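This report examines a protein model with attention to its overall make-up, its charged pairs and its enclosed spaces. Please keep the structure in view while reading.

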Amino acid sequence: MRRDAYRVLRLSRRRELAARLLPEVRERYGDAEAAQLLPACPAGTAGEWLPRLGAPDGALASLARTAPPAVAEHLVRAAARAQGTVAWYRLVHRHLDLVESVARRDPAAALLLAEKAPRLVTGEAVVAALRRPRDLLAAVRRAGITELPLPDGPFPKSVRRALRALLPEELAALAAVCRTQDDEHRDLAEPVTADPLLALVAPGTRVRLVRERVPEGNRHKVPVSAVAALEPEDRAEFLRDLPAGTGRERAVRLRFGVLLPPAEAEPLYRGLADDFNVHQRRSAWPGLLAAAAQYGDPTEYARVFTTCERAWHDQNVVRQAALEQAATGPARLLAAVPYAALRDAALTAVQSHDSTAYTLQAAERLLRRVAVAAATRRDHERAAAVALLLAQVVADPRFPGRGTLLDVDRSAARAIWAAGRQGAGVRSALGIAALLERHVAALPGCDGLLARTALESDDPAVAARAAGVWLADPATREARAGELLASGRPFSAVPYLEETVTRRRTDLLERLPAAATAPPWVPGTSATAEGRWLPAQRALIARHLERVATDEDLPLRQRSGAASQLRDAAALRRLVEGEVPQPVVAAALASLGRMADRTVLGPLLEHAAMGGVRGRAAMGALRRLLDGIPDAEAVEWLGGIARDPRAPVGSRKEAARALGERPGEQAFGALLAAWDVPGQHHDVLAVLAVPLTAALDRPGIAARLRARMGHAAVRQAVIGGRRDTVPAGADVHAHFLAALVRDGGDTDVVEAACGALGAVVRDHGADEVVAGALAAALSDPARPHDERYTAGYALSGAAARSGAAAAALRDALGALAGGRAELRLLDRLAANRHQRSAVVDVAYADALEQAGLGRAAARAAFDAAIAALREGDTAAERWDRCLRLVERHPYVLSLDDRPFAMNGADDGRPLQAALDVARALGRRPGTLAGLIAVLLVRAGGEATGWTGPWPAELDALKAHADPDVAEAALVAELRRPL
């Protein structure tokens with residue numbers, strides 16, 4: 001009821017009243033309840049309170065419509081907290097739609113996101129920000145942003161108008177940053193669209209920008225959309241030097257095939273179309289059509305379309321891909337396609353047994369575009385012929401939906417009807433009439449044909465189809481609905497008939513059940529429509545639905561649907577107490593829960609105690625019903641069920657979930673009472689543990705949870721649950737887990753707590769309490785090996801983000817230099833280091849060297865030097881130690897290793913550091929330093945596409961005095977991409 005009140009406040013725009021109520025709602029019902037009221041408040045209030053309250057996703061979606069700047073600031077704060085953690089990826093995927101919604105609503109919010117959280121914005125959000133392009137350019141320059149994504153496809157008119165107002169140099173600067181994201185492994189069947197921002201730049205500047213995006217020698221890595229934006233002559237020159245051959249070279253040419261000149265593209269795709277692999281053929285035919293469309297010659301396109309006959313008769317995946325590509329062709333090119341080729345494509349799609357709804361939809365789009373284009377050109381004979389083909393496609397049972405309509409004017413509709421009616425049978429005429437449904441009244445003889453067919457045809461399917469078109473005109477629909485029902489013919493499946501009778505001509509409602517064919521009619525009406533019926537009519541429909549629900553000869557799906565539409569409490573009680581199948585009983589119980597009638601509480605409680613399908617359905621209905629009564633009374637009912645050890649486990653779980661969703665101290669007290677019941681089932685405890693874990697900061701909760709974590713279900717709910725459900729923050733949950741680890745006891749509990757702590761510290765780091773607990777568990781020789789390993793693994797992850805954890809890790813690892821069990825644990829931890837951090841790797845190198853495990857110490861020292869390199873640290877001491885240890889174990893490194901990758905760096909520091917170290921090592925004498933220099937140069941070259949100084953550095957190493965180093969550099973040169 002409170003949620004309904006919040007909704008009324010929002011819809012009635014009583015924002016000042018909502019703002020006055022907000023502090024009181026928070027005080028009475030907590031932050032979560034107050035967050036639901038935020039969308040009804042003024043934007044300023046939402047911006048002030050959102051940082052204090054937080055908000056669930058649903059409330060944020062509503063706030064995106066009413067207070068976009070507040071949501072944008074919330075997202076910026078969340079992005080800053082999650083940056084560099086595992087939580088970042090969850091944040092991005094969770095809020096994609098929210099970012100786009102905020103950006104569309106308010107360009108200022110889009111600009112804020114682009115400047116403060118550029119990695120969070122999507123292509124649609126950037127398009128929204130481009131409505132103010134100068135502001136976006138200023139934000140890009142202030143923040144030093146190098147790249148923002150753009151979606152495929154053209155810009156809206158408002159964005160194009162704003163961009164054309166820019167100076168040429170401003171437009172070029174934006175195009176250098178805002179780019180379409182092209183996948184190197186793009187499916188060849190996907191359409192190619194030009195980069196919309198690049199296409200607005202002057203041709204000469206456009207060529208320069210495209211070439212700046214392409215690393216020298218790696219032209220295949222440029223986005224196809226960027227090349228598509230070039231002028232034809234510039235595009236041909238750019239693609240002229242693409243390699244020709246097999247393997248990777250052929251794949252590169254296929255990727256750019258749609259942009260190649262026709263003389264080069266057609267042989268390439270024709271060869272692929274002859275391949276035995278169906279996936280290659282699926283890519284070949286769309287690519288051939290796209291290349292012909294890109295060339296733009298109608299005669300050439302018609303020739304290529306005609307030769308696609310093999311694609312129509314191939315497997316459905318090939319047919320579907322070819323039809324989908326053909327349906328996107330330009331209208332002026334489709335106008336040149338011969339009718340015979342269109343007929344072959346359409347009829348093959350209809351008559352092939354393996355065609356799917358997607359294939360028929362593609363054929364429908366193709367034919368509809370051709371027919372409308374022909375009607376626009378006043379080529380009515382072609383339009384009528386194509387419309388007859390289209391009618392066959394939409395009449396296929398596999399085609400989804402009611403069909404399609406031709407968007408033509410009245411004169412064109414009359415001409416198409418006249419041309420298509422000649423020599424056509426009744427079914428064909430009905431097909432054309434259905435396509436021209438908007439103009440039926442203006443078509444000569446059409447109205448009489450439809451009436452005769454609807455009222456006299458012996459074929460029920462044909463009569464129903466004619467009746468549906470006959471009722472299309474809203475002006476005559478009500479009168480004709482009366483004629484149909486007065487005829488005594490079965491018309492329950494006719495479009496418009498049920499809606500007309502149940503909402504407008506309710507005086508005909510008594511005739512509708514009698515007009516139903518097999519299966520019997522079941523209304524799909526809403527409570528709003530039923531409010532227009534007389535009591536006698538509602539009773540009549542209720543008796544009809546009850547008969548359907550109890551008919552043993554009907555399918556369970558239809559009987560359940562009839563029970564779900566019942567609104568009569570007495571009839572529903574008869575169903576739930578009668579001898580009907582469980583799905584029908586479940587549907588009837590759900591209908592009882594939708595009735596605002598407290599008299600049904602007793603039957604629902606009775607069935608909730610039965611368990612099984614019936615009990616779960618009754619409990620779900622009871623929860624819905626209790627949402628409409630005061631909290632105190634609802635909590636009393638639910639608490640009684642949750643505390644009753646004789647109630648079915650499923651019912652107790654549903655009651656516990658409902659209690660957990662209710663705010664207030666009374667509901668929380670009911671949760672504690674249910675938890676404290678002796679012998680409470682572990683599945684019920686697992687449900688109760690979720691809201692109790694969210695209240696870990698309350699006195700006595702941690703002790704209660706710790707005492708009952710022996711079962712895996714409870715343990716998973718407490719330890720493995722979502723950490724963002726803890727109001728006091730991650731620290732409360734982390735300290736609770738640390739206490740479990742420190743106190744020891746059940747090995748399963750400790751290992752689970754260590755694993756959960758590992759996830760917590762990766763996102764938030766570790767303080768002294770957490771680090772001390774993990775270090776104590778790792779150093780305790782009395783604990784099991786797996787328990788100590790799990791603690792050490794979590795501590796290693798924490799050490800990468802926390803100074804306290806790093807110090808604790810060094811001390812704990814230093815204590816593992818003892819006997820066989822200690823060395824075994826140290827070796828296992830070193831072999832499974834997951835955090836590439838210089839601090840962590842140095843700690844392991846020290847411990848391993850102290851323990852006499854020199855080979856592992858050498859590898860850890862090398863990893864530490866590489867990790868420091870990623871942070872821009874070129875300290876010579878690290879590499880001196882690395883060389884000293886590795887020289888004792890030369891097989892630690894292999895020439896075929898890929899020790900690290902420099903791509904993905906946010907700035908140039910790691911690359912510059914790698915270059916400085918490679919040059920320093922290359923000048924040192926000896927084989928090992930030179931080999932490491934080769935590895936660093938190879939990694940830097942691959943990260944930059946072998947641009948800049950990396951080729952020269954590799955040439956210098958090829959001339960190294962040590963023959964092994966020179967050979968390694970030569971091998972790296974040979975493995976460079978063409």
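The text below moves from the whole chain to single features.

**Basis of the report**

The model is predicted: local features need pLDDT of at least 70, side-chain atom pairs count only at pLDDT 80 or more, and totals for chains, interfaces and linings use all residues. Residues are numbered from 1 along each chain as its sequence is written, and side-chain values use heavy atoms, with hydrogens and water left out.

**The protein as a whole**

The secondary structure consists of 58 helices and two strands; these are DSSP runs numbered from the N terminus, helices being H or I with at least four residues and strands E with at least two. Of the 978 residues, 51% are buried. Here buried means under 20% relative accessible area, exposed means over 50%, and partly exposed lies in between (1.4 Å probe, protein chains only). The accessible surface is about 43800 Å², and carbon and sulfur atoms account for 51% of that surface; such areas come from the Shrake-Rupley method with a 1.4 Å probe, and for residues only the protein chains shown count as cover. A contact means heavy atoms within 4.5 Å. Among contacts between residues at least 6 apart in sequence, 65% join residues at least 24 apart.

**Helix H9**

Helix H9 (residues 107–116) has seven of its 10 residues buried, so it is largely enclosed by the rest of the structure. The buried residues are Pro107, Ala109, Ala110, Leu111, Leu113, Ala114 and Glu115. They pack against helix H6 (68–82), helix H8 (96–105), helix H10 (123–129) and helix H11 (133–143).

**Salt bridges**

Side chains of opposite charge can pair when their charged atoms come close. A salt bridge is counted where a side-chain nitrogen of Lys or Arg lies within 4 Å of a carboxyl oxygen of Asp or Glu. By this rule, the count is 40 salt bridges. Three of these pairs are listed in the table.

| Acidic residue | Basic residue | Closest N and O atoms |
|---|---|---|
| Asp274 | Arg310 | 2.9 Å |
| Asp314 | Arg281 | 2.8 Å |
| Asp644 | Arg646 | 3.3 Å |

What does the salt bridge between Asp274 and Arg310 tie together? Asp274 lies in the loop between helix H18 (262–273) and helix H19 (278–295), and Arg310 lies in helix H21 (residues 309–312), so the pair ties together parts that are 36 residues apart in sequence. Asp274 is exposed, with a relative accessible area of 54%, whereas Arg310 is partly exposed at 46%.

In the second pair, Asp314 belongs to the loop between H21 and helix H22 (316–327) and Arg281 to helix H19, so parts that are 33 residues apart in sequence are tied together. Asp314 and Arg281 are both buried. In the third pair, Asp644 is partly exposed at 23% relative accessibility, while Arg646 is exposed at 74%. Elsewhere, salt bridges that share partners join Glu266, Arg270, Glu300 and Arg303 into one network.

**Cavities**

A cavity is a set of points, on a 1 Å grid over the protein atoms alone, where a 1.4 Å probe fits but cannot get out; lining residues have an atom within 4 Å of a point. Grid points are joined across faces, edges and corners, and a volume is the space filled by probe spheres set on the points. There are two cavities of 30 Å³ or more, and the largest holds about 60 Å³ of space. Its lining includes Pro262, Leu288, Glu300 and Arg303. H18, H19 and helix H20 (298–306) each give two or more residues to this lining. The lining residues divide into six nonpolar, no polar and three charged, where Ala, Val, Leu, Ile, Met, Phe, Trp, Tyr, Cys and Pro count as nonpolar, Asp, Glu, Lys and Arg as charged, and the others, Gly among them, as polar.

Definitions and conventions. 1 Å grid on protein atoms, 1.4 Å probe; cavity = no way out; pocket = protein on both sides within 12 Å on 5 of 7 lines; lining within 4 Å.
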